[in-house]
Amino acid sequence: MNKLLNGKKLKTRMAGFLLGTAVTVSTVVSPLAGSIPVQAKAAYDTKYSQTISMESLLLPALSNSFTNANGVYKQLKQAIRYQTIYQGNILNMINKGANIPADALKKLYEEGLISGFLYHFGTNQAFTVDDYKDVFDPVWYWAANPDLQAAYGTYDPNTLLVDFLTTGMALGRSSSQNFNVSYFKSNYPWLQQYLGNDNANYYLFYILFGKDMGMTADKQISK
């Protein structure tokens, strides 16, 4: 079994500066009763059935101050390509004190191997609207939630992102044609025991794990 989310809580502190205004959102992925298991297939034929997560193998090497940026980049690149780790694993390692150089994250981001969300989180930079593109489209969000039009009056992507982060995710608002939290929760009911009832957890899980795992979030899967 490949462990994706380890520990009692995964905390992501998202600090952004939009239009010169500091915005801080603290999101806690619910306390976990263990880990979220996903069947991991070996890259080659083997008689062994037990697997050890790549995250647990990499973490000790990344927990020292002598980490080489190019070496880390190459290791993570291979692990991502073979899907032995996901973006959420990398975020877990950062939260656990792993020394993942900014240059390594930048290369992975520029090659499209990690999202802007993970890159900016790992390098302590301000988030942008584009960082949430897997679950948030400001044009869609504006059109799908007419109460926001009445509240804000004028369309502004950054204002809408702040609304999405502070209240929209928790409310389960329709935020993109590519992601519907109700469909996602219905398609994968087993996630509830790990992510709880906080809708925000599901948006973040999709960014960090779900999309790369090929999970369906834009339509209801036929049972």
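## Exercises on a predicted model

The side chain of N187 has a polar atom 3.1 Å from the backbone oxygen of T216. Keep in mind that this is a predicted model, and let's work through it.

### Exercise 1: N187 and its backbone partners

Work out which element holds N187, whether N187 is buried or exposed, and which backbone nitrogen the N187 side chain reaches.

Solution.
- Step 1: Find the element. N187 sits in helix α9.
- Step 2: Check the accessibility. The relative accessible area of N187 is 8%, so N187 is buried.
- Step 3: Look for the backbone partners. The N187 side chain gets to the backbone nitrogen of I221 at 2.9 Å, and there is also the backbone oxygen of T216 at 3.1 Å.

### Exercise 2: Two residues in the loop between α8 and α9

Compare S175 and N180: where does S175 lie, where does N180 lie, and which backbone atoms do the side chains of S175 and N180 meet?

Solution.
- Step 1: Place them. S175 is in the loop between α8 and α9, and N180 is in the loop between α8 and α9 too.
- Step 2: Take S175. With a relative accessible area of 0%, S175 is buried because the cut-off is under 20%.
- Step 3: Follow the S175 side chain, which reaches the backbone oxygen of V135 at 2.5 Å.
- Step 4: List what else S175 touches. Skipping neighbours within four places in sequence, S175 has contacts with V135, F136, D137, W140, Y141, F164 and Y203.
- Step 5: Now N180. The relative accessible area here is 24%, so N180 counts as partly exposed.
- Step 6: Check the N180 side chain. One of its polar atoms lies 2.9 Å from the backbone nitrogen of S182.
- Step 7: Add a C-alpha distance. N180 and Y202 are 22 residues apart along the chain, with 9.8 Å between their C-alpha atoms.

### Exercise 3: Salt bridges

How many salt bridges does the structure hold? Take the pairs E111 and K77, K211 and D134, and R173 and D147, and say which parts of the chain each one ties together.

Solution.
- Step 1: Get the count. The structure has four salt bridges, and the steps below take the pairs named in the task.
- Step 2: Recall the idea. Side chains of opposite charge can pair when their charged atoms come close.
- Step 3: E111 with K77. Their side chains form a salt bridge at 3.4 Å, N to O. E111 is in the loop between α4 (102-110) and α5 (116-122) while K77 is in helix α2 (residues 69-81), so this pair links parts 34 residues apart in sequence. E111 is partly exposed at 39%, whereas K77, at 17%, counts as buried.
- Step 4: K211 with D134. The closest N and O atoms of this salt bridge are 2.9 Å apart. K211 belongs to the segment after α11 and D134 to the loop between α5 and α6 (138-144), so parts 77 residues apart in sequence are tied together. K211 is partly exposed at 43%, and D134 is buried at 12%.
- Step 5: R173 with D147. This salt bridge comes in at 2.6 Å, N to O. R173 lies in the loop between α8 (157-171) and α9 (181-187) and D147 in helix α7 (residues 146-152), so the pair joins parts 26 residues apart in sequence. R173 is buried at 16%, and D147 is partly exposed at 41%.

### Exercise 4: The second largest pocket

How much space lies in the second largest pocket, which residues are closest to its centre, and how does its lining divide by residue type?

Solution.
- Step 1: Read the volume. The second largest pocket has about 300 Å³ of space.
- Step 2: Look at the lining. It has 18 residues, and Q87, G112, I114, S115 and D212 are the closest to the centre of the pocket.
- Step 3: Sort the lining. Seven residues are nonpolar, five are polar and six are charged.

### Exercise 5: M213, then the whole chain

Where is M213, how far is its C-alpha from that of Y86, and what share of the chain is buried?

Solution.
- Step 1: Place M213 in the segment after α11 (199-210). Its relative accessibility is 22%, so M213 is partly exposed.
- Step 2: Compare sequence and space. M213 and Y86 are 127 residues apart in sequence, yet 8.3 Å apart C-alpha to C-alpha.
- Step 3: Zoom out. The chain has eleven helices and four strands, and 45% of its 223 residues are buried.
- Step 4: Check the contacts. Of those in the chain with a separation of 6 or more, 70% are between residues 24 or more positions apart.

Methods. Residues numbered from 1 in each chain as written. Predicted model: local features only at pLDDT ≥ 70, side-chain atom pairs only at ≥ 80, totals over all residues. Heavy atoms only, no water. Buried < 20%, exposed > 50% of the residue type's maximum accessible area, 1.4 Å probe, protein only. 1 Å grid on protein atoms, 1.4 Å probe; cavity = no way out; pocket = protein on both sides within 12 Å on 5 of 7 lines; lining within 4 Å. Points joined across faces, edges and corners; volume = space filled by probe spheres on them. Nonpolar A, V, L, I, M, F, W, Y, C, P; charged D, E, K, R; others polar. Polar contact = N/O pair within 3.5 Å; in protein donor to acceptor, adjacent residues only side chain to side chain. Contact = heavy atoms within 4.5 Å.
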